[in-house]
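Student: I'm new to this structure and would like a close look at one part of it. Could you pick a pair of packed helices and walk me through how they sit together, then show me what else is worth a glance?

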Amino acid sequence: MQRGPTGQYRTTTTLGEAVRAFVPHPLLPEPPLAMEAARQALLERAWLACGRLDAITALLPDPDLFLYAYVRREAVASCQIEGTQSSLSDLLLFELDAAPGVPFDDVVEVSNYVAALEHGLARLREGFPLCNRLLREVHAKLLAHGRGADKQPGEFRRSQNWIGGTRPGNAAFVPPPPTEVEPCMAALERFLHSPEAPGALVKAALAHVQFETIHPFLDGNGRVGRLLIALILHHDGVLRQPLLYFSLYFKRHRAEYYRLLDAVRQTGDWEAWLDFFLEGVHQTARGAVDTAHRLLALFERDAARIQTLGRAAANTLRVFDALRRQPLASIDALALRTGLSFATAARAIEALQRLEIVQEITGKKRERVFAYRAYMAILNEESQG
């Protein structure tokens, strides 16, 4: 279906040159989305995948354990889209205050993303509405430290920005002028709570494009736009635990992602974007279920091996349980988390090393850090692409 542009251009002057800035029409699309049989089947398959993910998280003995790992994996992937070089190991080391040699601004950016996501989810659980104020709070957390801290954290922009190119005049895309940001974001907020809004998956698909088109902040728009998807799906009750994150899917299909965003703006092809998004829901949810199964099997297998240690098994299992929660740790941290003495925790780590469950990763004699190898391997393998 061809609708034509989904907004209008306004000529504005910025940095001494006249440019055409794009101001999107409010949602919903007109005419309405064409939900033909094939697209409806995609939607139903996406909902089914979300249902399976919700079911497995309901059965997990400790959902927070998986949430800890998934939130951090999402943070790394989302920030890598923006050009950071930090890995999951870098982030976990940083959280241990043990990250020598890691690019500081990169890992701070990833750590900020974790804080922003956790803040947004906590506010929703408190009953705070999904609104522009919440998005500004999330943005303030995202840019609290490091790169971007001078880019008006927590405030909608008051100057023109652009995407691609060295200046507005040769940019790939120029979002709305600053005077249009507040009205556009107010319209987006109304859409999120409109009784005419579609179900959560379609709503998240449409809202993400609209947010990226408005580009309301001076920096961090891509990250907040991806966070918005997670916030909508959690707010609307799609998942009890927020374990559906799109950064890996967008990263793997980056060129197609940007092409489809542009197609919506230029020709109104919301349907092609929705097909892409729903395929992403299906793949991402299915991947999360597979990872959860693999990690559960890994934990059961390794716990059974530890049970063969005889009298040392009980304390070693306590240390192992702490590593399931945070797969990188020092002996000091493990002793603190388990209530064991340093010497007892050290003996447990030696036992886990003999079983080749953990590996020392710093090469130091002091302040050593140990990694739950297979756990990290699964998370890193899923993060590639």
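Tutor: Let's start with helix α1 (residues 37-59) and helix α11 (residues 270-306), which pack at an angle of about 25° with their axes 9 Å apart. Keep in mind that this is a predicted model. Why give those two values? Two packed helices are described by the angle between their axes and the distance between the axes. Angles under 35 degrees count as roughly parallel, and α1 and α11 are therefore roughly parallel to each other. As for handedness, α1 passes α11 in a left-handed crossing.

Now zoom in on the residues that touch. On the α1 side you'll find Arg39, Leu42, Leu43, Arg45, Ala46, Ala49, Cys50, Arg52, Leu53 and Ile56. Facing them from α11 are Glu271, Leu274, Asp275, Leu278, Glu279, Val281, His282, Ala285, Ala288, Val289, Ala292 and His293. Sorted by class, this contact between α1 and α11 has 14 nonpolar, 2 polar and 6 charged residues.

Next, step back along the chain to the loop between β2 (17-24) and α1, where Leu28 lies. The peptide bond from Leu27 to Leu28 is cis, with omega near 15°. Pro31 sits in the loop between β2 and α1 as well, and the bond leading into Pro31 from Glu30 is also cis, its omega being near -10°.

Another backbone detail turns up at His215, in the loop between α7 (200-214) and α8 (221-235). Phi of His215 is near 45°, a positive value in a residue other than glycine.

Last, have a look inside: the structure holds 2 cavities of 30 Å³ or more. The largest has a volume of about 40 Å³, and its lining is made up of Ala230, Leu233, His234, Leu239, Pro242, Leu243 and Leu244. By class, that lining has 6 nonpolar residues, 1 polar and no charged ones.

The second largest cavity comes to about 30 Å³. Ile81, Arg226, Phe250, Arg254, Tyr257 and Tyr258 line this one, and helix α10 (residues 254-267) gives the most to the lining, with 3 residues. Here the classes split into 4 nonpolar, no polar and 2 charged.

Technical notes: Residues numbered from 1 in each chain as written. Predicted model: local features only at pLDDT ≥ 70, side-chain atom pairs only at ≥ 80, totals over all residues. Heavy atoms only, no water. 1 Å grid on protein atoms, 1.4 Å probe; cavity = no way out; pocket = protein on both sides within 12 Å on 5 of 7 lines; lining within 4 Å. Points joined across faces, edges and corners; volume = space filled by probe spheres on them. Nonpolar A, V, L, I, M, F, W, Y, C, P; charged D, E, K, R; others polar. Helix = DSSP H or I, 4+ residues; strand = E, 2+ residues; numbered from the N terminus. Axes fitted to C-alpha atoms, helices over the stretch in contact; angles between N-to-C directions. Parallel < 35°, antiparallel > 145°, perpendicular 65-115°, else oblique. Left-handed = near helix turned anticlockwise from the far one by under 90°. Contact = heavy atoms within 4.5 Å.
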